[in-house]
Protein chains: 2
Amino acid sequence: MNAGFIGLGIMGQPMARHLRRAGFPLTVYTRTAAKAEPLLAAGAQWAGAPAAVAAASDVIITMLPDTPDVETVLFGPQGVATGLRAGKIVIDMSTIAPAATVAFAQRLREQECEMLDAPVSGGESGAIAGTLTIMVGGDEQIFNKCLPLFQALGQNIVHLGTNGNGQRTKLVNQIICALNILAMSEGLHLAEILGLEREKVLPVVASGAAGSWMLQHLAPRILQNDFQPGFMIKLQQKDLRLAQEVIAQFGAEFPGTALTYALFTKAVEMGLGEQGTQGLINLFKKSHQL
Amino acid sequence: MNAGFIGLGIMGQPMARHLRRAGFPLTVYTRTAAKAEPLLAAGAQWAGAPAAVAAASDVIITMLPDTPDVETVLFGPQGVATGLRAGKIVIDMSTIAPAATVAFAQRLREQECEMLDAPVSGGESGAIAGTLTIMVGGDEQIFNKCLPLFQALGQNIVHLGTNGNGQRTKLVNQIICALNILAMSEGLHLAEILGLEREKVLPVVASGAAGSWMLQHLAPRILQNDFQPGFMIKLQQKDLRLAQEVIAQFGAEFPGTALTYALFTKAVEMGLGEQGTQGLINLFKKSHQL
C-alpha cells in the first residue's frame with residue numbers, strides 16, 4: 001500500500017517517519033520543503049504538489065493546522081482532488097470542523113474516492129513515540145483497510161461511526177483538555193501564591209483525584225519554565241473555536257468551554273500563541289502582576 | 001500508640017477501620033452513635049464525647065465536614081481540648097480553612113500538644129482501599145512520629161512544611177479536581193448532544209491527553225446514571241468556598257475556580273448537593289432542557 005503524507009509539522013513529521021519505518025512506500029509534500037529532508041534521507045519520495053502525492057499514493061494522509069488548509073490542499077489548485085483516481089482513500093488527521101469534513105467526504109465520493117476523518121490526541125510526544133490516540137469517522141470497511149497505517153502511528157485506534165464522528169470526538173477531547181490545562185494552571189499558580197514548594201505539591205496532587213495527563217506531562221515543564229510547544233496555544237485556541245461553533249448550533253451552555261476559549265484567545269492576543277499549551281499559566285502570572 | 005478517631009462519615013468510617021486492622025487500639029466518637037457499631041464490633045472502644053477520646057488516646061484524629069465542626073469538636077463543650085494532657089497529638093484530616101488550622105494548632109500548643117493538618121485526596125474509594133493521598137502540614141518530628149498511622153490509611157503521604165500547608169495543598173488539589181470535573185461534565189454532555197456513543201468515546205478520550213482520574217473513576221458512573229456520592233457536591237462546593245476565601249486575600253484572578261464555585265453552588269441550590277461530584281453533569285442537562 002503506497003502512502004502519501006501532506007503536512008510535515010510538529011505532528012506530521014514524526015508520524016510520516018513512523019510510516020516509513022513500518023515499511024510503507026511514502027511520498028511526501030509540505031509547504032516548507034526543507035522540513036521533508038530527514039524523510040527523503042529515510043527513503044521517502046518528494047512530490048512537487050498535493051496532486052502529485054495523490055497520483056503516487058493509494059492512501060493520502062493530510063496533517064494540517066486548520067479547516068481552510070485542508071480545503072486548499074484537497075480542492076485547491078494542484079490539490080489532492082486533481083490527482084486522484086477512483087478507489088483511492090484520503091485520511092485527514094488534522095483537527096477541523098466536523099461539518100467541513102462531512103462536506104469534503106461527500107465531494108471526494110463524487111470522484112469515487114473514500115475519506116476518513118482521523119484526528120489524533122497525544123501531542124508531539126505521542127507522535128514521536130507512535131502512541132497516538134486516533135479517532136476515526138467514516139466507512140467501517142475503509143477503516144479496516146487503513147488499520148495497518150493507523151497501527152504504525154498510534155496505539156488506541158477507534159472507529160466511532162460515520163464521517164465527522166472522528167472530528168466530533170476530537171472536539172469532546174479538546175474541551176476536556178482545555179479545562180484540564182486551566183485546572184493545572186490555576187492549581188500551580190495558587191500553589192505559588194500560597195508559598196508552597198511546587199516540586200513537592202505537584203507529585204502529591206498528580207497522584208490522587210486531581211491527577212491528569214496534563215499534570216503528569218505538562219506540569220513538570222511549567223516547573224522548569226519550559227514553554228516549548230508539544231501542542232501550541234494557538235492550535236488549542238483554534239480547536240476551542242471549532243467547539244464553540246458546533247456548540248452554538250445547539251444553543252447549549254458550556255460555560256467552561258466558553259471560559260477556556262476566552263482565556264486561550266487572550267493568551268494568543270498577548271503573544272503566547274506559539275508557546276505550548278502549558279504556557280496558559282503565563283496569562284495568570286501576567287494578570288497577577290498588572 | 002493509642003489512637004482516637006472522631007467523625008465516622010463516608011471517609012472516616014473506612015479510615016478508622018484501617019487503623020483497627022493495622023492493630024492500633026482505637027477509641028471512637030461520632031455524632032450518630034449507630035455509625036460506630038461496625039467499629040465497636042471490630043474491637044474499638046466507644047467514647048461518649050470528644051473529651052473522652054482525647055483522654056483515652058495518644059493521637060486524636062478528626063475527620064469532619066467543615067471548619068466550624070472541627071472548632072466545636074476541638075474546643076467546644078466536652079471538646080478534645082478539655083480531655084488533652086501535654087504531649088498528645090491532634091491530627092485533623094478534614095478539609096478546612098488554612099488560617100483556622102494554623103490558629104487551632106496555636107491554641108493546642110498552649111496546652112503543650114502538637115497538631116498536624118493532614119487532609120486527604122482519593123475519595124471514598126481511596127479511603128476504603130487504604131490508598132489515600134495525605135497532605136501534611138506541621139512539625140516534621142511529629143509527622144515522623146505519626147507516619148505509622150498515616151501508612152495504615154494511605155499510600156502517598158507527604159510532609160509539606162509548616163501548619164496550614166497540608167490544607168493549602170488540599171485547596172490546590174480541590175480547585176484542580178473541580179475543573180477536571182467540569183471538564184468531564186462538559187465533555188460527556190457535548191458527546192451526548194453530538195449523538196456520539198459515549199461508551200465508545202469515553203475510553204478514547206480517557207486514554208490520551210484528556211485523561212484524568214475523574215474520567216477514569218467518575219465518568220463510568222455517569223454513563224450508568226450512578227450519582228451516589230464518593231465525594232458529595234456540597235463538600236466540593238465547601239472546598240471551593242475555602243479556596244475562594246484564600247484567593248480573595250491575594251486579590252488574584254482565578255476565573256476557572258470562580259466558575260466552578262458558581263456552578264457547584266448552583267448545583268447545591270438545585271438540590272444536587274448530596275449527589276457525588278459526578279452529579280455536576282445534571283446541572284447541564286437540566287439547563288439544556290430549560
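## A tour from the rotation axis outward

Begin by selecting B:Ser212, which, of the residues of chain B, comes closest to the rotation axis, at 1.9 Å for its C-alpha atom. The model on the screen is a predicted one, and every value along this tour is computed from it.

With that residue as a marker, colour the two chains separately and superpose chain B on chain A: a rotation of 180 degrees with 0.0 Å of shift along its axis does this, at an RMSD of 0.0 Å. The two copies are thus related as by a two-fold rotation axis.

Next, select the residues of each chain that touch the other; 56 residues of chain B are in contact with 56 residues of chain A. Because 100% of the interface residues of chain B are also interface residues in chain A, the copies meet through the same surface. Between them, chain B and chain A bury about 4,800 Å², with 74% of that area on carbon and sulfur atoms. To see where much of chain B's part comes from, show B:Leu190, B:Val204 and B:Ala209 as sticks, since these supply 12% of the area that chain B buries against chain A, more than any other three residues.

What kinds of polar link cross this interface? The count between chain B and chain A is 14 residue pairs in polar contact, both members at pLDDT 80 or more, whereas the rule finds zero salt bridges across the interface.

Now switch to a cartoon of chain B and pick out the elements that give two or more residues to its side facing chain A: the strands β8 (132-136) and β9 (154-159), and the helices α9 (165-193), α10 (198-206), α11 (213-217), α13 (233-250), α14 (255-269) and α15 (280-289). Helix α9(B) gives the most to this side, with 19 residues. Colouring by class then shows 34 nonpolar, 18 polar and four charged residues on the side of chain B that touches chain A.

Hide chain B and turn to chain A alone, which is divided into domain 1 (3-162) and domain 2 (168-289). Taken over C-alpha atoms, the centres of these two domains of chain A are separated by 28 Å. Where they meet, 17 residues of domain 1 of chain A are in contact with 15 residues of domain 2 of chain A, and the two domains bury about 1,300 Å² between them, 61% of it on carbon and sulfur atoms. Select A:Thr95, A:Pro98 and A:Met135 here, for they supply 34% of the area that domain 1 of chain A buries against domain 2 of chain A, more than any other three residues.

Which side chains form the salt bridge at this boundary? Zoom in on A:Asp66 and A:Arg241, whose side chains meet in a salt bridge at 2.7 Å, N to O; the count between the two domains of chain A is one salt bridge. Six residue pairs in polar contact, both at pLDDT 80 or more, are also counted between these domains.

As a last selection, display α6 (98-109), β7 (120-121) and α7 (123-129) of chain A, each of which supplies at least two residues of the side of domain 1 that touches domain 2. The residues of that side divide into ten nonpolar, five polar and two charged.

Definitions and conventions: Residues numbered from 1 in each chain as written. Chains lettered and ligands numbered in written order. Predicted model: local features only at pLDDT ≥ 70, side-chain atom pairs only at ≥ 80, totals over all residues. Heavy atoms only, no water. Domains from an automatic or database assignment. Contact = heavy atoms within 4.5 Å. Buried area = accessible area lost by both parts, 1.4 Å probe. Salt bridge = Lys/Arg side-chain N within 4 Å of Asp/Glu carboxyl O. Polar contact = N/O pair within 3.5 Å; in protein donor to acceptor, adjacent residues only side chain to side chain. Helix = DSSP H or I, 4+ residues; strand = E, 2+ residues; numbered from the N terminus. Nonpolar A, V, L, I, M, F, W, Y, C, P; charged D, E, K, R; others polar. Least-squares fit on C-alpha atoms with pLDDT ≥ 70 in both.
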